[in-house]
Amino acid sequence: MIYLDYVATTPLNPEVLTTYHNLLEKYFYNADSIYDKGIEVNRLMEHSRKLVSEMLKVKEDEVIFTSCGSEANNMAIKGTAFQYQNRGKHIITTAIEHSSVYETCKELEKVFGFEVTYLDVDQKGCISLQQLQDSIRDDTILVSIMYVNNEIGVINPIEEIKKIVKKHDKVKLHFDMVQALGKLPINLEDVDLASFSAHKIYGLKGSGLLFKRRSTTIVPLISGGQQEFGLRGGTSNACSNIVLAKTLRLALENFDAKTKHIDIINKYARECLQQIPGIVINSDESCCISSILNFSCPGYKPEVILHDLETKEIYLSTRSACSSKTSNVSRIMAQLHLDDAIASSALRISFSEHTTKEDIDQFCYYLQDSLGKLKKQR
């Protein structure tokens, strides 16, 4: 099997799996119970929170365990919007955000009367910092921008974004950092909220976290308990929360070596793809992360190519897994001002430290084979 969809999800780290199984057997008790067994589970969970906070260089009570990155995004955006709506009801985001951000903003517009500015992107997927600066108004309460786009891999200039937003004391800044964790340096200085997910870094599905700075207040989306500082009611998913610290530690180990390997694989994949006639690479090398490579096969249906490669046990994707059952053209690709034939035929491969040049050789061989035998659209 050749797996080239690490952006969608990653395999579970064997060490994480072993620890998780042991926790499930020994520490199944409710972390909110007041007898010794429950207190011990809570102690382990809080120790995990402490370790996570140290790795992210933040305070312990600024780490909120969630079920996933999408929940963290919803909690950050809705929680901030409802908390500060007395100051204003204007939000700024981009046109190529993950669906959990984009659809949340659309809901705030349609149901709750907020106004949202969606920053445009150029053909590379880059935003205009000038447009961001010009879009901030007296009634702006939140700027929410992803660190790394999950379909084309464009990296947003978060340090420059911080400088712009920091000039406005009443504006909160949220970054969706799901695709950046374990791949790029994480600096939460001058950030109010940030979202992360475990299953993108060889951890458990159903596990994520939200960083929320002490100075930022949010309205809870789930009421009914004191869990997570009163911001997320419900029985704690203690074992998942406990093992998250180990997941993050393992993901950050040998960071430089992993990054260097992925850089080499990305460059090699680009060279191989460019040798196939008709292939168009959409992820610009100058501004995109090495772990993601988006390309198009104009004239072909990407789903047909994907399923043909699946017969060879080669797995990739056509777009974000969270929006893979929607319209023919990805919302992100539609924003890049590309020719329709390119935008509608996009495929995404994504790499990890486990991807080899031999994997890329086989993928490109069978991709070319597929293109040779499949019919082009008219």
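Two strands count as paired if DSSP finds at least two bridges between them, and this predicted model offers a good place to look for such a pair.

Begin by selecting strand E10, residues 292-296, together with strand E12: the two run antiparallel and are joined by 5 bridges. Within this pair, colour Leu 293 and then look across to Ile 349, which is its bridge partner in E12.

Next, add strand E9 to the selection, and you will have an open sheet of 3 strands in the order E9-E10-E12, with antiparallel pairing. Strand E9 (280-281) and strand E12 (346-350) stand at the edges with a single partner strand each, so one side of each has no neighbour in the sheet.

Now turn to the largest nonpolar core, which has 67 residues, and select Leu 188 and Phe 196, the members that touch the most others. Helix H8, residues 238-252, gives this core its largest share, 9 residues. If you centre the view on Phe 196 and leave aside residues up to four places away in sequence, you will find that Phe 196 touches Leu 56, Met 177, Leu 188 and Phe 211, among others. A second, separate core has 26 residues, including Phe 295 and Ile 349.

Finally, keep helix H8 on screen and add helix H2, residues 36-56; the axes of the two helices come within 8 Å and cross at roughly 30 degrees. Angles under 35 degrees count as roughly parallel, and H2 and H8 are therefore roughly parallel to each other. The crossing is left-handed. To see where the helices meet, show the side chains of H2 residues including Leu 44 and Leu 51, and of H8 residues including Ala 245 and Leu 248.

Note on methods. Residues are numbered from 1 along each chain as its sequence is written. This is a predicted model: local features need pLDDT of at least 70, side-chain atom pairs count only at pLDDT 80 or more; totals for chains, interfaces and linings use all residues. Side-chain values use heavy atoms; hydrogens and water are left out. Helices (H or I, at least four residues) and strands (E, at least two) are DSSP runs, numbered from the N terminus. A nonpolar core is a set of buried Ala, Val, Leu, Ile, Met, Phe, Trp, Tyr and Cys residues joined through side-chain atoms within 4.5 Å. Buried means under 20% relative accessible area, exposed over 50%, partly exposed in between (1.4 Å probe, protein chains only). Contact means heavy atoms within 4.5 Å. Axes are lines fitted to C-alpha atoms, for helices over the stretch in contact, and angles run from 0 to 180 degrees between N-to-C directions. Angles under 35 degrees count as roughly parallel, over 145 as roughly antiparallel, 65 to 115 as roughly perpendicular and the rest as oblique. A crossing is left-handed if the near helix is turned anticlockwise from the far one by less than a right angle, and right-handed if clockwise.
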